[in-house]
Amino acid sequence: SLEFDRKVGEVMLTSRANFTYTHNTILNNDQPDYLDPYRSRVGKRLDQYFGLQAIGFFRSQEEIDNSPAQFGILRPGDVKYKDINGDGVVDTNDETAIGYSAVPEIVYGFGATAQWKGIDFSFFFQGVDRVSIQISAGDISFKPFSSTNADLAAVNSDVYEHRWTESNRTDARYPRVSLTNSPNNNVASTLWLHNGAFLRLKNVELGYTLPKKLVARSFLNSVRLYATGINLLTFSRFKLWDPERGSGAGAAYPPNRTISFGVNITI
């Protein structure tokens with residue numbers, strides 16, 4: 001944590017910054033050894049995400065026939081996974097550590113305050129890094145037509161716009177849409193894992209304190225007018241919902257963006 005104060009001419013500047021890095025490693029969890037060492041949780045971080053490595057989507061039935069067996073009956077447009085152990089079958093034995101965890105290893109922030117005569121301005125940025133967001137692939141928002149309730153039959157717009165189709169084989173982000181449940185496409189994998197890092201303008205404030213000569217004519221001691229903004233801007237590669245909501249399906253109210261105006265009066 002650092003803080004810096006300096007007066008430049010008639011301007012008083014104050015800046016501050018903080019940085020936290022936390023890493024943990026499981027040394028022993030008193031569990032039997034995995035047959036495949038890469039599946040072991042020992043040596044990994046606590047709550048490390050594990051899953052399959054998605055390597056694209058099947059483009060044809062011929063490609064399916066010439067690939068290792070996966071989950072259920074496969075169709076073009078289904079997720080294609082890497083056979084890690086090379087046994088000709090993709091299953092839970094091919095799961096490996098992917099991404100980070102839901103708890104950021106890096107948390108940081110920085111801001112500054114400037115005062116000039118009666119005007120003051122301050123801002124503060126907050127950020128996290130080395131954190132992953134895992135989308136709930138089995139949630140109805142990402143499994144179109146999977147709910148029998150008409151109220152829950154909506155399709156996530158990102159799924160609708162970027163699903164695999166015969167005319168969209170190269171830019172697809174999601175597997176094909178099907179009326180029947182496809183267990184192959186709902187397993188945890190790198191397809192559903194995203195970088196959860198973000199930088200947010202947490203708060204900013206602009207204020208003006210009336211001159212004492214003007215206030216002295218009344219019974220007041222001081223009067224300050226101000227405008228404050230909270231959660232105004234967020235910079236992140238993750239665009240489906242507010243990254244601070246973390247993993248899941250985004251079905252929760254995001255942090256409020258607030259702009260307020262006020263007056264501080266001292267008698």
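Two strands pair if DSSP finds at least two bridges between them. With that in hand, select Tyr-208, which stands opposite Leu-225 in strand 12. The model in the viewer is a predicted one.

**Strands 11 and 12**

Extend the selection from that residue pair to residues 198-209, which are strand 11, and residues 222-236, which are strand 12. The two run antiparallel and are joined by eleven bridges.

**The whole sheet**

Now show the complete sheet. It is open and consists of seven strands in the order 1-2-7-8-11-12-13, with antiparallel pairing. At its edges are strand 1 (2-8) and strand 13 (258-266), each of which pairs on one side only. From one strand to the next, the twist averages 10 degrees.

**Strands 2, 7 and 8**

Move along the sheet to residues 11-21, strand 2, and residues 106-116, strand 7. Their pairing is antiparallel and covers eleven bridges. To check the register, pick Thr-14: its bridge partner in strand 7 is Thr-113.

Next, add residues 119-129, which make up strand 8. Strand 7 pairs with strand 8 in the antiparallel sense, again over eleven bridges. Here the register can be read from Tyr-108, whose bridge partner in strand 8 is Gly-127. Strand 7 and strand 8 form a hairpin with two residues between the strands. Select Lys-117 in that hairpin and read its backbone torsions: phi is positive, near 55 degrees.

**Salt bridges**

Switch to side chains. The structure holds ten salt bridges, and three of them are visited here one at a time.

Begin with Arg-176 and Asp-78, whose side chains meet in a salt bridge at 2.7 Å, N to O. This pair links distant parts of the chain, 98 residues apart. Arg-176 lies in the loop between helix 2 and strand 10 (193-195), while Asp-78 lies in the loop between helix 1 (61-65) and strand 5 (79-81). Is Asp-78 buried or exposed? Asp-78 counts as buried, because its relative accessibility is 0%.

Then select Arg-224 and Asp-120, which form another salt bridge with an N to O distance of 2.7 Å. Arg-224 is in strand 12 and Asp-120 is in strand 8, 104 residues apart, and the pair links distant parts of the chain. Both Arg-224 and Asp-120 are buried.

The next stop is the salt bridge between the side chains of Asp-158 and Arg-173, at 3.2 Å from N to O. The partners are 15 residues apart, with Asp-158 in helix 2 and Arg-173 in the loop between helix 2 and strand 10. Why does Asp-158 count as buried and Arg-173 as partly exposed? Asp-158 counts as buried because its relative accessibility is 13%, which falls under the 20% cut-off. Arg-173 counts as partly exposed because its relative accessibility is 45%, a value between the 20% and 50% limits. For the network, select Arg-45, Glu-105 and Arg-130, which are joined into one by salt bridges that share partners.

**Around Asp-158**

Return to Asp-158 and show helix 2, residues 157-162, where this residue has its place. Which residues is Asp-158 in contact with, leaving aside its neighbours within four places in sequence? They are Arg-173, Tyr-174 and Leu-240.

**The nonpolar core**

Hide the charged side chains and turn to the largest nonpolar core, which has 19 residues. Select Phe-57, Tyr-81, Phe-142, Trp-192 and Trp-241: these touch the most other members. In soluble globular proteins, nonpolar side chains tend to be buried together.

Keep Trp-241 and display its surroundings. Not counting residues up to four places away in sequence, Trp-241 touches Ile-133, Ile-135, Phe-142, Gly-246, Gly-248, Ala-249 and Gly-250.

**Zooming out**

Finish with the entire chain as a ribbon. The protein has three helices and 13 strands. Its C-alpha trace spans about 90 × 50 × 30 Å along the principal axes. The radius of gyration is 26 Å, whereas a compact globule of 267 residues would have one near 18 Å. Colour by accessibility to see the buried residues, which make up 33% of the 267. Of the contacts with a separation of 6 or more, 64% are between residues 24 or more positions apart.

Methods:
Residues are numbered from 1 along each chain as its sequence is written. This is a predicted model: local features need pLDDT of at least 70, side-chain atom pairs count only at pLDDT 80 or more; totals for chains, interfaces and linings use all residues. Side-chain values use heavy atoms; hydrogens and water are left out. Helices (H or I, at least four residues) and strands (E, at least two) are DSSP runs, numbered from the N terminus. Axes are lines fitted to C-alpha atoms, for helices over the stretch in contact, and angles run from 0 to 180 degrees between N-to-C directions. Contact means heavy atoms within 4.5 Å. A nonpolar core is a set of buried Ala, Val, Leu, Ile, Met, Phe, Trp, Tyr and Cys residues joined through side-chain atoms within 4.5 Å. Buried means under 20% relative accessible area, exposed over 50%, partly exposed in between (1.4 Å probe, protein chains only). A salt bridge is a side-chain nitrogen of Lys or Arg within 4 Å of a carboxyl oxygen of Asp or Glu. The radius of gyration is taken over C-alpha atoms; the globule rule is 2.2 Å times the number of residues to the power 0.38.
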